[in-house]
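Subject: Structure for you to look at

Dear colleague,

Here is the structure I promised to pass on, followed by notes on what turned up when I went through it. Please keep it open beside you as you read.

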Amino acid sequence: MRPWNFSAGPSTLPLEVLQQAAAEMTDWGGSGMSVMEMSHRGKYYMQIRDEAEADLRELLGVSDDFAVLFMQAGATAQNALVPLNLIGRNGSGKADYLLSGSWSNKSYKEAVRYGDIAVAASSGEETELDGGRYAPWTWFPAVDTWRVRPDSAYVHLCSNETIGGVEFMDWPDLAELGAPGVPLVIDASSHILSRPFDFSRAGMVYAGAQKNAGPAGVTLVIVRRDLIGHASPACPSALDYANVSQADSMFNTPPTYAIYVAGLVFKWLKKLGGVEAIERENIAKADLLYGYLEQSDFYSNPVHRPVRSRMNVPFVLADESLNSTFLAESEQAGLLALKGHKLVGGMRASIYNAMPLAGVQALVDFMRDFEKRHG
Ligand SMILES: *Cc1c(COP(=O)(O)O)cnc(C)c1O
């Protein structure tokens with residue numbers, strides 16, 4: 001049996017997907033070619049690309065009001081491409097950012113180079129909530145505290161902070177904050193396809209594929225068509241959403257193999273019953289792991305309960321001197337990549353769509369046994 005891989009990204013892929021890619025490696029569909037060897041404009045690849053887009057649209061319930069783009073350079077490049085493409089939308093040159101952890105802070109720091117960027121709200125301070133004290137970046141600012149300028153070109157947030165393990169899903173209607181018509185731009189890299197998204201509340205959703213949707217090398221950009229077409233002259237042509245959209249993501253050679261494998265992941269997910277079905281599985285996995293952490297004094301998770309991520313579960317051992325023993329023994333037990341991000345320390349279990357309940361059960365069994373021996 002393969003070990004269970006809890007890597008935060010690139011991360012575990014469904015075994016069936018890897019096996020299918022292996023079976024088709026040297027001859028895709030009787031074409032006599034590997035997908036890697038095909039023209040991106042040939043009939044075989046066009047079919048692969050078109051099915052990938054159609055399947056992604058179906059899974060997420062994305063209407064034709066949105067363009068679905070397969071881009072390169074990662075979610076990190078979107079930190080610049082979002083302002084370069086969108087901030088000229090209404091002539092204000094303004095955008096507002098929610099700061100809730102490492103990734104949203106990176107987005108903000110990049111964006112300030114391109115416009116009048118303000119912080120809408122931040123969880124960067126210790127706070128008191130529901131009678132408990134929470135450290136910086138372990139909670140999410142309540143919607144009624146957001147300051148959104150009515151003439152902003154957009155509001156940016158990260159809906160799942162991969163490092164801190166904070167997930168925020170109550171995307172508001174900004175009209176209620178006095179900013180009707182200001183679109184939300186959402187970095188959903190680490191939980192796209194893990195649950196239904198309400199696209200009526202979103203102007204744009206983007207995600208690097210390598211957490212939950214496929215291999216590294218392709219970035220999914222789903223953007224409302226009426227928001228594009230106002231890119232700054234400084235925006236590279238190949239990364240102008242209008243150009244990419246017009247060319248069906250073939251403005252230049254796309255990352256063909258990464259899109260193909262992502263397409264296999266979409267088909268795998270459809271076969272399982274789509275995002276509603278995988279959401280039920282993800283809730284069961286998260287309940288199992290958080291439930292165990294809750295009742296233990298040996299381990300703990302620092303995040304405010306309503307915004308605990310179903311995908312990325314950071315936890316610490318009460319006795320940090322046991323960290324290296326925990327990591328060595330877990331690896332021996334076939335549980336890989338549990339070391340936490342250096343910014344938060346401790347451990348992190350990333351339990352994306354491709355991690356089955358059995359993998360989380362194996363982790364909890366190991367943790368219980370470790371606690372028994374060292375607690
Ligand atoms: C991993 C990650 C990124 C960065 O993705 P790259 O593809 O490496 O640029 C950005 N945002 C979030 C939330 C992530 O998890």
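Around the ligand, with a residue counted as near when one of its heavy atoms lies within 4 Å, the shell consists of Gly74, Ala75, Thr76, Trp103, Cys158, Asn160, Thr162, Asp187, Ser189, Ser190, Gln210 and Lys211. Please bear in mind that this is a predicted model, in which local features need pLDDT of at least 70 and side-chain atom pairs count only at pLDDT 80 or more, while totals for chains, interfaces and linings use all residues. Residues are numbered from 1 along each chain as its sequence is written, and side-chain values use heavy atoms, with hydrogens and water left out.

By class, that shell has three nonpolar, seven polar and two charged residues, where Ala, Val, Leu, Ile, Met, Phe, Trp, Tyr, Cys and Pro count as nonpolar, Asp, Glu, Lys and Arg as charged, and the others, Gly among them, as polar. Helix α3 (residues 74–86) contributes the most to the shell, with three residues; helices (H or I, at least four residues) and strands (E, at least two) are DSSP runs, numbered from the N terminus.

For polar contacts, meaning pairs of N or O atoms within 3.5 Å, three side chains are worth pointing out. A polar side-chain atom of Thr162 is 2.4 Å from an oxygen atom of the ligand, and one of Lys211 is 2.6 Å from a ligand oxygen atom, whereas Asp187 places a polar side-chain atom 2.7 Å from a nitrogen atom of the ligand. Taken alone the ligand exposes 390 Å², of which the protein buries 86%, with accessible areas from the Shrake-Rupley method and a 1.4 Å probe.

I also looked at empty space, for which a cavity is a set of points, on a 1 Å grid over the protein atoms alone, where a 1.4 Å probe fits but cannot get out, and a pocket is an open set with protein on both sides within 12 Å along at least five of seven lines; lining residues have an atom within 4 Å of a point. Grid points are joined across faces, edges and corners, and a volume is the space filled by probe spheres set on the points.

The search of the whole structure finds one cavity of 30 Å³ or more, and the largest cavity has a volume of about 70 Å³. Its lining has 15 residues, with Thr12, Leu13, Asn212, Ala213 and Ala354 nearest the centre. Because domain 1 (16–271) and domain 2 (275–374) both give residues to this lining, the largest cavity lies between them; the domain bounds come from an automatic or database domain assignment.

The largest pocket has a volume of about 460 Å³, and of its 22 lining residues Glu167, Arg305, Pro306, Val307 and Arg308 are the closest to its centre.

Finally, a cis peptide bond joins Gly9 and Pro10, with omega about -10 degrees.

With best wishes

Definitions and conventions. Polar contact = N/O pair within 3.5 Å; in protein donor to acceptor, adjacent residues only side chain to side chain.
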